[in-house]
Amino acid sequence: MVLEVKNITKRFGGITALKNISFTIQQGEIYGLIGPNGAGKTTMFNCITNIVEPTEGEIFFNGEKITKLKPYKITEKGICRTYQNIRLFPQMTALQNVMVGGHSRISAGVFRSVIRTKSQKQEEKLLKEKSEELLELVGLGQLKDQFAENLAYGQQRRLEIARALASNPTLLLLDEPAAGMNETETDNLFDLIKKIQSMGITVLIIEHDMSLVMRLCDRITVLNFGEKLAEGTPDEIQNNEAVIEAYLGKEEEETIA
Ligand SMILES: Nc1ncnc2c1ncn2[C@@H]1O[C@H](COP(=O)(O)OP(=O)(O)OP(=O)(O)O)[C@@H](O)[C@H]1O
């Protein structure tokens, strides 16, 4: 088991964003977290990465409790994420953006930052090579010297994924990676996430594009008003009455409207 979310509750003042949520993710799975707006999905990501501290409950990563660890420690342990709103450095190149993601892995120190030792130069060289490989992986190899702000929206989203991969995660959290993408971009994203899975990386994804979620995920948890409505395979979720009523049915109505 890679991740165990155990009885997580998160309250913001009077709002209970998550109510006693539990689920587990196995090594190598692509696991989906879905639900209507405000259901608590991003709050769950924020609890896993300890951007917000859960009010109650515990989270274990590879059997180790991570609930109280600092976010950078959680990254070091191997959990990395992208954000719903793109958070790139717009006036840095694609390559520089990915290299920034990898810097958390490079050992630093006051002395070492003043005097660039041979080994440090070697580390930088390796980081650059690895970042270039990651840009190839996400299909941006030709665009490595472009400023992030000049990339198309779908390309920026893929760049964010490359940056998250630069810190060598074993669990990758993707927050609405297909938001704003057209059909071709979404298909490319599907291939990319499958490739990431084949590299042995476990994926937890929040996504509103139901066709993508149902094709991509091995298992899914559905949240609704902070509560766990259902958990199962895409087939089970699509045929679950409560889910259809609270979420999937509405999505269809919205699409028709
Ligand atoms: N930092 C915060 N302070 C106060 N309330 C918050 C905070 N973060 C989230 N909430 C509230 O918690 C609830 C769940 O929000 P959350 O963003 O987790 O939902 P979501 O499922 O990710 O929604 P969406 O699909 O719209 O991104 C909402 O009512 C939201 O207003």
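Which residue in strand 4 is the bridge partner of Val5? I looked this up in the predicted model and found that Val5 has Ile59 as its bridge partner in strand 4.

**Entry 1. The sheet around strand 1**

I then examined the pairing to which this bridge belongs. Strand 1, residues 3-12, and strand 4, residues 56-61, run antiparallel and are joined by five bridges. I next checked how helix 1 is placed relative to these strands. Helix 1 packs on the sheet and touches strand 1, strand 2 and strand 4. I recorded an angle of about 65° between the direction of helix 1 and that of strand 2.

I traced the strand order as well. The sheet is open, with four strands in the order 2-1-4-5 and antiparallel pairing. Strand 2 and strand 5 (64-65) each have a single partner strand and stand at the edges, so one side of each is left without a neighbour in the sheet. As background, I noted that strands of a sheet pair through backbone hydrogen bonds, either parallel or antiparallel.

**Entry 2. The ligand shell**

I listed the residues that surround the ligand. They are Phe12, Ile15, Ala17, Gly35, Asn37, Gly38, Ala39, Gly40, Lys41, Thr42, Thr43 and Gln84. By class, I recorded four nonpolar residues, seven polar ones and one charged one in this shell.

I asked which elements supply the shell. Strand 2 (15-25) and helix 1 (41-48) each contribute at least two residues. The largest share, three residues, comes from helix 1. Helix 1 is thus entered twice in these notes, here for the ligand shell and above for its packing on the sheet.

**Entry 3. The nonpolar core**

I turned to the largest nonpolar core, which has 65 residues. Ala162, Leu172 and Val203 touch the most other members. Helix 6 (residues 153-165) provides the largest share of this core, five residues. I noted the general tendency that, in soluble globular proteins, nonpolar side chains are buried together.

I followed Val203 further. Leaving aside residues up to four places away in sequence, Val203 touches Ile30, Tyr31, Leu172, Leu174, Ile193, Ile196 and Gln197.

**Entry 4. Ile201**

Is Ile201 buried or exposed? I counted 21 other C-beta atoms within 10 Å, and since 20 or more is the criterion for burial, Ile201 is buried. Ile201 lies in the loop between helix 7 (183-198) and strand 8 (202-206). With residues up to four places away in sequence left out, its contacts are Pro169, Thr170, Leu172 and Ile196. I also looked up its separation from Glu133: the two residues are 68 apart in sequence and 16 Å apart in space, C-alpha to C-alpha.

**Entry 5. Positive phi values**

I searched for residues with positive phi. Asn62 has a positive phi of about 50° although it is not a glycine. Asn62 sits in the loop between strand 4 and strand 5 and is partly exposed, with 15 other C-beta atoms within 10 Å.

Glu176, also not a glycine, has a positive phi of about 50°. I located Glu176 in the loop between strand 7 (171-175) and helix 7. Glu176 is partly exposed, with 19 other C-beta atoms within 10 Å.

Phe225 takes a positive phi near 50° in the hairpin of strand 9 and strand 10, where two residues lie between the strands. I checked this hairpin and found that strand 9 (residues 219-224) and strand 10 (residues 227-232) pair in the antiparallel sense over five bridges. Val222 has Ala230 as its bridge partner in strand 10.

Notes:
Residues are numbered from 1 along each chain as its sequence is written. This is a predicted model: local features need pLDDT of at least 70, side-chain atom pairs count only at pLDDT 80 or more; totals for chains, interfaces and linings use all residues. A nonpolar core is a set of buried Ala, Val, Leu, Ile, Met, Phe, Trp, Tyr and Cys residues joined through C-beta atoms within 7 Å. A residue is buried if 20 or more other C-beta atoms lie within 10 Å of its own, exposed if 12 or fewer, and partly exposed in between; C-beta atoms are placed from the backbone. Two residues are in contact if their C-beta atoms, placed from the backbone, lie within 7 Å. A residue is near a molecule or strand if its C-beta atom, placed from the backbone, lies within 6 Å of it. Ala, Val, Leu, Ile, Met, Phe, Trp, Tyr, Cys and Pro count as nonpolar, Asp, Glu, Lys and Arg as charged, and the others, Gly among them, as polar. Two strands pair if DSSP finds at least two bridges between them. Axes are lines fitted to C-alpha atoms, for helices over the stretch in contact, and angles run from 0 to 180 degrees between N-to-C directions.
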